[in-house]
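Please open the model in your viewer and keep the selection panel at hand. The tour proceeds by selections, each followed by a description of what is found there.

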Amino acid sequence: MNTGQPHLVRDRIDAFPTHQIAGYDVRPGRALPFGAVPVSGGINFSLFSGPATAVSLVLFRRGDAEPVAELPFPDEFRVGGVWSMTVFALDYDNVEYGFRVTGPEHPQLGDRFDSSRILADPYARAMSGHERWGEQPDPNLSYPYRSRLVFDDFDWDGDRPLRLPSEELVVYELHVRGFTRHPSSGVTHPGTYAALVEKIPYLRELGVNCVELMPVFEFDEFENHRWNEDGELLYNYWGYSTVDFFAPKAGYAATGPLGMQCDEFRNLIKEFHKAGIQVVLDVVFNHTAEGNERGPMINFRGLDNRTFYMLTPEGYYYNFSGTGNTLNCNNPVVRDMVLSCLRFWASEYHIDGFRFDLAAVLGRGPDGAPMANPPLLESLAYDPLLRDCLLVAEAWDAGGLYQVGSFPHYFRWSEWNGKYRDTVRSFLKGDLGQVGELATRLVGSPDLYATRGAHSSVNFISCHDGFTLADLFAYTDKHNLANGENNGDGANDNNSWNCGVEGDTDDPEILALRRRQIRNAMSLLLISQGIPMFVAGDEIGRSQSGNNNAYCHDSPLSWLDWSLQEQNADLFRFVRNLIAFRAAHPMLRSRRHPTGSIEDGGSVVSWHGTQVGRPDWSPGSRLLAMSRTGLDADGEPDHVYVATNAHWEWHDLELPELPSGLRWARFVDTTAEAPDDVASVGAEQDLDDQRSIPVGPRSVVILVARPVEPST
Amino acid sequence: MDIQTDHSRSATVVTLSGDLDSRTAPEVQDAVLPLVTDGSRLIIDLSAVPYMSSAGLRTLLLVYRQAQQQHSAVVLVGLAADVRDVLDSTGFLSSFLVCDSMEEADHALSRVGLPQDGAA
């Protein structure tokens, strides 16, 4: 019978308690999903532990050192190895929780149960205890990383992931705190998600359409903290060491002390999307913050050590991550956690993609051996919920596995192209024998990604790890003394060159050369096929004083100094115009490598030297030019010419002939001083000489074909 | 939490005094939601609310969403600086009409047109 009113289910027959435990009304919970989620009248807690023999839910009043109650799970609340319980009428705002887990204690077999400890929920949606960056909790606390309840509702206002085609992206890698922490940033709450919202107009002006956030899952900045010789406190600043895979870092939220970090982070993503900017998270699944057998017990170790970590036959930790332990990610249970985690961020936070730190680890089996068909990577590649997410592998690990070009990709994964970085750096500093490989890198590395497409190559010259772009041309050697390890940490194979003097100088020629080299690098990066990426601040010449491993510095060394925006406004304009140029020439970002024909949306590349069609591939060559022909956005033929000279002499380069009615016009000449180094897109300057062009020492020239102006 | 309701003006005024958190949110919700009816005008005076938690904020959002459903209008008045800051950092501020004074709130409400008013 239709009464005119739809029947709404307001109450459920399971919305009442069946038991009372430790003074709390409870009932058997639902096994899935894991973690603590609101259900009718209460909170459903669910925890996995294969070998556990007993589990208790431990409840705290917010901030109290000692628990307020401990609720043992009755055996009838267990399904298989999953313990679940619904607890009614909990005070959402003021509860913290954990678990006490009892199980067999034989480390030689890999078990490390310890019922004297309280474990954090590995699926907790928020963590408290570390909600103010840089404030260390009492180290004697028995339960320092506290799981919290959070509201998971949010007003998205119709927001959804942007689903930009990956080949359209220009990726900007940034550290949430470092981006706005500097006193010059001029924001209300420096170093927070909220502050990042205030800087979105800057990123829009630059023209990037994807930010890659360095780790934002809960980590402990005090992990392995220490003081260097200057008395500076060194932190785990970058955060590549996860404590809670389902929780955004509270210390990055202005509202973290109120437990509203989830709302603040969601708002950041919503605001980025409004500005047309995708959000990619740098995720660290190769290891956890629990370290090796001497590390802290936080969650996995006491839950099911043998399942979650790769262990030697003696029960010790394999260390393919270089940080003490290795997550056993091809175990089906761990794989499920990783998949659940990414699905959670994609669906609950509208995240657009993920970059996987030391992803080669994710292709190793439980014994550490690389697998031919790693189930985790396959699951992620085919997951329906992640279908539109960018998946980027850092295709190597600390155990010596290097898989750039050979990462198990399922035609789905992209890679940080380390070979791109190495080749472009070597070429620019003047190394011999680079021209052939450079050519391959400029057109999307078809030697590595022919079957997958150019968008599988994330091209970068600088990233958080290593020299900034400015330092790449100011320092030949790393200068990491401030890291407190006698300059022993950080990479040595930097392919960097100081242009004549190590570090600071007032020599105008050297400074001019450095400016030019930065522009050369940005020019090559932004005309290369593949997804370009650079690290925050490179567009305004940020330096780290030669430190190529600033992971431990929460100081001006690692913060972005916004006064550079004014100081290096000409470089900002240069990069902004290059990004606009890339946007205006679809062939430069096509996912199809050059096809040899512009039919069917393909493109043509021709290689040149001082003479058209005569590239010098010899080992002694430092000069390469290419012309690209494809179709523009209107389907009309489009021609771009790029010459790059890493030699210290001028060379005159013969120019390819254009179809009648078109003339070469200059977009970039890095030999010229600003503002003549770059034109505005569409206002490129017609060349008087259409037959040849002088290309200066260590420079890049970019030309574009423009229609002949009608004579007046 | 003290909740006062005043119907003597053209808009109903609800004055809250005390922290708005998980302990007080249910009573605020019970008191305020029934006031949001078809075409109603509501001013929530928060000048005596020094602290608002996640649960408290959601209560306000619930009221706001209900108002949208009912084509009625809600204005927040007298946000403490801290409360306003939290609303701002989490992006919720843009969901609300916020005014500094009662007079401003009356004015703002007088400009909120119902669909039949033909106002843009």
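Begin with the sheet of chain A in this predicted model. Select its six strands: they form an open sheet in the order β24-β25-β26-β31-β28-β29, with antiparallel pairing. At the edges are β24 (604–608) and β29 (685–686) of chain A, each of which pairs on one side only.

Next, select residues 623–631 and 637–645 of chain A. These are strands β25 and β26, which pair in the antiparallel sense over nine bridges. Within this pair, A:Arg628 stands opposite A:Val640 of β26(A).

Now add residues 569–584 of chain A, helix α14. This helix lies across β26, β28 (662–669) and β31 (699–707) of chain A, and runs at about 145 degrees to β28(A).

Then turn to the interface and display chain A together with chain B. The contact involves 18 residues from chain A and 17 residues from chain B. About 1500 Å² is buried between the two chains, and carbon and sulfur atoms give 50% of that area. On the chain A side, select A:Asp155, A:Leu258 and A:Met260: these lose the most area to chain B, together 32% of what that side buries.

For the polar component, select B:Arg23 and A:Asp91, whose side chains meet in a salt bridge (3.9 Å, N to O). Five salt bridges are found across the interface of chain A and chain B, as are eight residue pairs in polar contact.

Finally, select residues 261–274 of chain A. This is helix α4, which gives the most to the side of chain A that touches chain B, with three residues. The residues of that side comprise six nonpolar, five polar and seven charged.

Key. Residues numbered from 1 in each chain as written. Chains lettered and ligands numbered in written order. Predicted model: local features only at pLDDT ≥ 70, side-chain atom pairs only at ≥ 80, totals over all residues. Heavy atoms only, no water. Pairing = 2+ DSSP bridges. Helix = DSSP H or I, 4+ residues; strand = E, 2+ residues; numbered from the N terminus. Contact = heavy atoms within 4.5 Å. Axes fitted to C-alpha atoms, helices over the stretch in contact; angles between N-to-C directions. Buried area = accessible area lost by both parts, 1.4 Å probe. Salt bridge = Lys/Arg side-chain N within 4 Å of Asp/Glu carboxyl O. Polar contact = N/O pair within 3.5 Å; in protein donor to acceptor, adjacent residues only side chain to side chain. Nonpolar A, V, L, I, M, F, W, Y, C, P; charged D, E, K, R; others polar.
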